[in-house]
Amino acid sequence: MQKKVKNLESQPQCTKMCPRFETAFSCLGKRWNGLIIQSMMSGPKRFKDISNLIPTMSDKMLSERMKDLENEGILTRHVYPETPVRIEYELTTKGRALQPVMEQIQFWAEEWIR
């Protein structure tokens, strides 16, 4: 019995994932990050405002994700020296640049998610 040898030239070539796409997706695909970003698209928010918009997320997790997004340069934290101190979070230019992406995800979800 003769073994068949696979013709490697006819096999589809594996292409590597673009490292930038992979990095972006690892950040944006992290649970809760998309919801946080979407909740901030309408403008600056205080922590409790965001927490109220995503009631199924714990404040501890929100705090962790906000720090991650701040480290990624997607949002910024503003501290206003008032009494009591007021802290607001706002999307950076990098974060606001995600608006068309978020809109497309919304369109896709309306079409395909039941």
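These legends go with a set of close-up views of a predicted model.

**View 1. The whole chain, from end to end.** The protein has six helices and two strands. Starting at the N terminus, the order of elements is α-α-α-α-β-β-α-α, with the two strands following the fourth helix. Of its 114 residues, 24% count as buried. The accessible surface adds up to about 9,300 Å², and 56% of that belongs to carbon and sulfur atoms. If you look at contacts between residues at least 6 apart in sequence, 47% of them join residues at least 24 apart.

**View 2. The hairpin made by strand 1 and strand 2.** Here strand 1, residues 75-80, runs antiparallel to strand 2, residues 86-91, and the pairing takes in six bridges. Five residues sit between the two strands of this hairpin. To get your bearings along the ladder, find Arg77, which stands opposite Tyr89 in strand 2. Then find Tyr80, which has Arg86 of strand 2 opposite it. Side chains in a regular strand alternate between the two faces of the sheet.

**View 3. An arginine over a tyrosine ring.** This is a zoom on Tyr80 and Arg86, the pair that stand opposite each other in the hairpin. Arg86 lies over the face of the Tyr80 ring, at 4.1 Å from the ring centre. As for ring-to-ring pairs, the count for the model comes to one aromatic pair.

**View 4. The cis bond in the hairpin loop.** Where does Pro84 sit? Pro84 is in the loop that links strand 1 to strand 2. Follow the backbone from Thr83 into Pro84 and you cross a cis peptide bond, with omega near -5 degrees. That's worth a second look, because most peptide bonds are trans.

**View 5. Trp32, just ahead of helix 2.** Trp32 belongs to the loop between helix 1 (19-28) and helix 2. Its phi is near 85 degrees, a positive value in a residue other than glycine. Most residues other than glycine have a negative phi. Is Trp32 buried or exposed? Trp32 counts as buried because its relative accessible area is 13%, below the 20% cut-off. One of the residues in contact with Trp32 is Arg65, the subject of View 7.

**View 6. Asn33 in helix 2.** Asn33 is part of helix 2, which spans residues 33-40. With a relative accessibility of 1%, Asn33 is buried. Setting aside neighbours within four places in sequence, Asn33 is in contact with Cys27, Leu28, Arg65 and Leu69.

**View 7. Arg65, a buried arginine in helix 4.** Arg65 is found in helix 4. You might look for an arginine on the outside, but Arg65 has a relative accessible area of 13% and counts as buried. Which residues does Arg65 contact, leaving aside those within four places in sequence? The list is Lys30, Arg31, Trp32, Asn33, Ile36 and Met57. Take Arg31 from that list: Arg65 and Arg31 are 34 residues apart in sequence, yet their C-alpha atoms are 8.9 Å apart in space.

**View 8. The largest nonpolar core.** This core has 18 residues, and Ile36 and Ile37 are the ones with the most contacts inside it. Helix 2, helix 4 (59-71) and strand 2 each supply at least two of the core residues. Centre the view on Ile37 and you'll find that it touches Leu28, Leu69, Ile74, Leu91, Leu98 and Met102, not counting residues up to four places away in sequence. In soluble globular proteins, nonpolar side chains tend to be buried together.

**View 9. Ser39, Ser51 and Ser63.** Ser39 is in helix 2, while Ser63 is in helix 4. Ser39 and Ser51 are 12 residues apart in sequence, with their C-alpha atoms 9.6 Å apart. Ser63 and Ser51 are also 12 residues apart in sequence, and their C-alpha atoms are 9.6 Å apart. Now for accessibility: Ser39 is buried at 10% relative accessibility, whereas Ser63, at 26%, is partly exposed. That call follows because the buried class stops at 20% and the exposed class begins over 50%. Beyond its neighbours within four places in sequence, Ser39 is in contact with Lys45, Ile50, Leu53 and Ile54.

Conventions
Residues numbered from 1 in each chain as written. Predicted model: local features only at pLDDT ≥ 70, side-chain atom pairs only at ≥ 80, totals over all residues. Heavy atoms only, no water. Pairing = 2+ DSSP bridges. Helix = DSSP H or I, 4+ residues; strand = E, 2+ residues; numbered from the N terminus. Phe/Tyr/Trp six-rings, centres within 6.5 Å; stacked < 30°, edge-to-face > 60°. Lys NZ or Arg CZ within 6 Å of the ring centre and 35° of its normal. Buried < 20%, exposed > 50% of the residue type's maximum accessible area, 1.4 Å probe, protein only. Contact = heavy atoms within 4.5 Å. Core = buried A, V, L, I, M, F, W, Y, C linked by side-chain atoms within 4.5 Å. Areas by Shrake-Rupley, 256 points an atom, 1.4 Å probe, with all protein chains shown as cover.
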